[in-house]
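Student: I want to learn how to read a model feature by feature. Can you take me through one?
Tutor: Gladly; here it is.

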Amino acid sequence: LPNLHVAHSMTTVDRVRVENGLTGKGIKVGILDTGIDYTHPALGGCFGNGCRVAYGYDLVGDSYGG
């Protein structure tokens, strides 16, 4: 990710890492969204155990019409 350092600087994540020694290791993040493309390479390209997107639930099903 070529611009990740820019995002870290803009959000001060770089300072949190340096000043507090926090890396995020072991942290799980929950997101409630209308949907994500878990097949995208940035999200690991897969879904389930061992993937970056490990859990999910379809609250709408196949009847979603946009």
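Student: Where is Gly30 found?
Tutor: Keep in mind that this model is predicted. Gly30 sits in the segment after α2.

Student: Is Gly30 buried or exposed?
Tutor: Exposed, with a relative accessible area of 71%. The cut-off for that word is over 50%. Add a distance to place the residue in space. From Gly30 to Leu4 the C-alpha separation is 21 Å, with their positions 26 residues apart along the chain.

Student: What can be said of Gly24?
Tutor: Gly24 also belongs to the segment after α2. Its relative accessible area is 44%, so Gly24 counts as partly exposed. Gly24 and Gly50 are 26 residues apart in sequence, and their C-alpha atoms lie 17 Å apart.

Student: Next, empty space. How much space lies in the largest pocket?
Tutor: The general idea comes first. A probe the size of a water molecule is rolled over the atoms, and this shows where empty space is left. Here, the largest pocket holds about 1,400 Å³.

Student: Which residues lie nearest the centre of the largest pocket?
Tutor: Val29, Ile31, Ile36, Val53 and Tyr55. The full lining has 34 residues.

Student: What classes of residue make up the lining of the largest pocket?
Tutor: There are 20 nonpolar residues, nine polar and five charged.

Student: Which helix gives the most to the lining of the largest pocket?
Tutor: Helix α2, residues 13–20, with three residues.

Student: Let us stay with helix α2. How many salt bridges does a search of the whole structure find?
Tutor: Start with the principle. Side chains of opposite charge can pair when their charged atoms come close. The search of the whole structure finds one salt bridge. Its partners are Arg15 and Glu19, and their closest N and O atoms are 3.2 Å apart. The cut-off for a salt bridge is within 4 Å.

Student: How are Arg15 and Glu19 placed in helix α2?
Tutor: They are four residues apart in helix α2, so about one helical turn separates them.

Student: How accessible is Arg15, and how accessible is Glu19?
Tutor: Arg15 has a relative accessible area of 48% and is partly exposed. Glu19 has 53% and counts as exposed.

Student: Where is Val18 found?
Tutor: In helix α2. Val18 is exposed, at 71% relative accessible area. Its C-alpha atom is 27 Å from that of Val53, and the two residues are 35 apart along the chain.

Student: What about covalent links? How many disulfides does the structure hold?
Tutor: A disulfide is a covalent bond between the sulfur atoms of two cysteines. The structure holds one. It joins Cys46 to Cys51, with an S to S distance of 2.2 Å.

Student: What is the handedness of the link of Cys46 and Cys51?
Tutor: Look at the angle about the S-S bond. The value is -125°, and the link is left-handed.

Student: Is Cys51 buried or exposed?
Tutor: Buried, at 18% relative accessibility. The cut-off is under 20%. Cys46, its partner in the disulfide, is partly exposed at 27%.

Student: On to rings. How many aromatic pairs does the structure hold?
Tutor: The structure holds one aromatic pair. The rings of Tyr38 and Phe47 have centres 5.3 Å apart and planes at 45°, so the pair is tilted. Both rings belong to partly exposed residues: Tyr38 is at 37% relative accessibility and Phe47 at 41%.

Student: How do I read the backbone? What is the phi of Thr12?
Tutor: Know the usual sign first. Most residues other than glycine have a negative phi. The phi of Thr12 is near 65°, a positive value in a residue other than glycine. Thr12 is in the loop between α1 (4–11) and α2. With a relative accessible area of 34%, Thr12 is partly exposed.

Student: One last residue. Where is the place of Arg52?
Tutor: In the segment after α2. Arg52 counts as exposed, at 66% relative accessibility. The C-alpha atoms of Arg52 and Ala42 are 9.0 Å apart, while the two residues are ten apart along the chain.

Conventions:
Residues numbered from 1 in each chain as written. Predicted model: local features only at pLDDT ≥ 70, side-chain atom pairs only at ≥ 80, totals over all residues. Heavy atoms only, no water. 1 Å grid on protein atoms, 1.4 Å probe; cavity = no way out; pocket = protein on both sides within 12 Å on 5 of 7 lines; lining within 4 Å. Points joined across faces, edges and corners; volume = space filled by probe spheres on them. Helix = DSSP H or I, 4+ residues; strand = E, 2+ residues; numbered from the N terminus. Nonpolar A, V, L, I, M, F, W, Y, C, P; charged D, E, K, R; others polar. Disulfide = S-S within 2.5 Å. Buried < 20%, exposed > 50% of the residue type's maximum accessible area, 1.4 Å probe, protein only. Salt bridge = Lys/Arg side-chain N within 4 Å of Asp/Glu carboxyl O. Phe/Tyr/Trp six-rings, centres within 6.5 Å; stacked < 30°, edge-to-face > 60°.
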